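Colleague: I am new to this structure. Could you walk me through it, feature by feature?

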Amino acid sequence: MKKNTIDDTSIIELPTFKDQKKGVLIVMDDEYFPFEIRRVFQIIAPKGAIRGEHSHKKHSQIMICTRGVIEIECDDGVIKKNYTLSDPNKGVLIPSNIWSKQTYLTDESILTVLCDAKYDESEYIRNYEAFLKSKSF
């Protein structure tokens with residue numbers, strides 16, 4: 001298992017094309033991501049909801065707030081870093097072996113998640129103590 005650190009998380013800015021009459025086009029294409037997209041899902045949650053609170057053993061994700069405001073907390077077991085997302089052309093890259101928690105700061109916020117693999121429950125670490133043990137501190 002790769003021992004990613006907080007420095008391996010980052011903001012990804014997506015190409016945006018604006019037109020006064022036609023609106024905004026935001027491109028979410030494999031060429032802008034560090035992996036091939038294998039799964040996409042969305043979460044719509046009320047203000048104050050907390051989601052995530054897990055890590056992935058091998059897989060990576062990119063989280064984009066497509067509506068509202070969402071705080072993404074990333075934790076490598078030593079250092080925590082928070083990202084506040086409110087712009088649908090910016091996402092957070094969360095590589096494997098990084099604990100992540102999402103807090104919905106406005107009502108009906110939408111989180112779009114792009115994944116490098118299909119859903120596999122055995123890929124998740126859902127217990128924080130088990131996550132810390134996996135990091136071999």
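Modeller: We will go through strands, backbone angles, burial, charges and empty spaces in turn.

Colleague: What should I know before reading any value?

Modeller: This is a predicted model, where local features need pLDDT of at least 70, side-chain atom pairs count only at pLDDT 80 or more, and totals for chains, interfaces and linings use all residues. Residues are numbered from 1 along each chain as its sequence is written, and side-chain values use heavy atoms, with hydrogens and water left out.

Colleague: How do I read a sheet, and what is the order of the five strands in the open one?

Modeller: Strands are DSSP runs of E with at least two residues, numbered from the N terminus. Two strands pair if DSSP finds at least two bridges between them. Here the five strands of the open sheet run in the order 8-7-10-5-12, and the pairing is antiparallel. Strand 8 and strand 12 (124-125) are the edges, each pairing on one side only.

Colleague: Which strand pairs with strand 5 over two bridges?

Modeller: Strand 12 does, in the antiparallel sense; strand 5 covers residues 50-56. H56 stands opposite Y124. S55 has I125 as its bridge partner. Strand 5 also pairs with strand 10 (residues 99-104), again antiparallel, over four bridges. There, R51 is partnered by Q102.

Colleague: Next, backbone angles. Which sign does phi of E53 have?

Modeller: Positive, about 55°, although E53 is not a glycine. E53 belongs to strand 5.

Colleague: Where does N97 lie?

Modeller: N97 is in the loop between strand 9 (90-94) and strand 10. N97 also has a positive phi, near 65°, and is not a glycine.

Colleague: Are these two buried or exposed?

Modeller: Start with the scale. Buried means under 20% relative accessible area, exposed means over 50%, and partly exposed is in between (1.4 Å probe, protein chains only). E53 counts as partly exposed because its relative accessibility is 41%. N97 is at 0%, so N97 counts as buried.

Colleague: How do I read a polar contact, and which side chain does N89 join?

Modeller: A polar contact is a pair of N or O atoms within 3.5 Å. Within protein, one atom must be able to donate a hydrogen and the other to accept it, and residues adjacent in sequence count only if both atoms are side-chain atoms. The side chain of N89 joins that of T16 at 3.0 Å. N89 sits in the loop between strand 8 and strand 9. With a relative accessible area of 9%, N89 is buried.

Colleague: Now charges. How many salt bridges are there?

Modeller: A salt bridge is a side-chain nitrogen of Lys or Arg within 4 Å of a carboxyl oxygen of Asp or Glu. By this rule the count is one. R126 and E121 form a salt bridge, 2.8 Å from N to O. R126 is partly exposed, at 45% relative accessibility. E121 is partly exposed too, at 38%.

Colleague: What about D76: what is the nearest side chain of opposite charge?

Modeller: For charge, Lys and Arg count as positive and Asp and Glu as negative; His and the chain ends are not counted. For D76 the nearest opposite charge is K135, 5.7 Å away. D76 is buried and has no salt bridge. D76 lies in the loop between strand 7 (70-75) and strand 8 (80-85). The D76 side chain reaches the backbone nitrogen of I6 at 2.9 Å. The same side chain reaches the backbone nitrogen of V78 at 2.8 Å.

Colleague: Last, empty space. How do I tell a cavity from a pocket?

Modeller: Both come from a 1 Å grid over the protein atoms alone. In a cavity, a 1.4 Å probe fits but cannot get out; a pocket is an open set with protein on both sides within 12 Å along at least five of seven lines. Lining residues have an atom within 4 Å of a point. Grid points are joined across faces, edges and corners, and a volume is the space filled by probe spheres set on the points.

Colleague: How many cavities of 30 Å³ or more are found?

Modeller: One, in a search of the whole structure. The largest cavity has a volume of about 80 Å³. Its lining has 13 residues, with R39, H56, H59, A117 and K118 nearest the centre. R39 is in strand 4.

Colleague: And which residues lie nearest the centre of the largest pocket?

Modeller: F41, I43, R51, H54 and Y124, out of 14 lining residues. The largest pocket holds about 160 Å³ of space.
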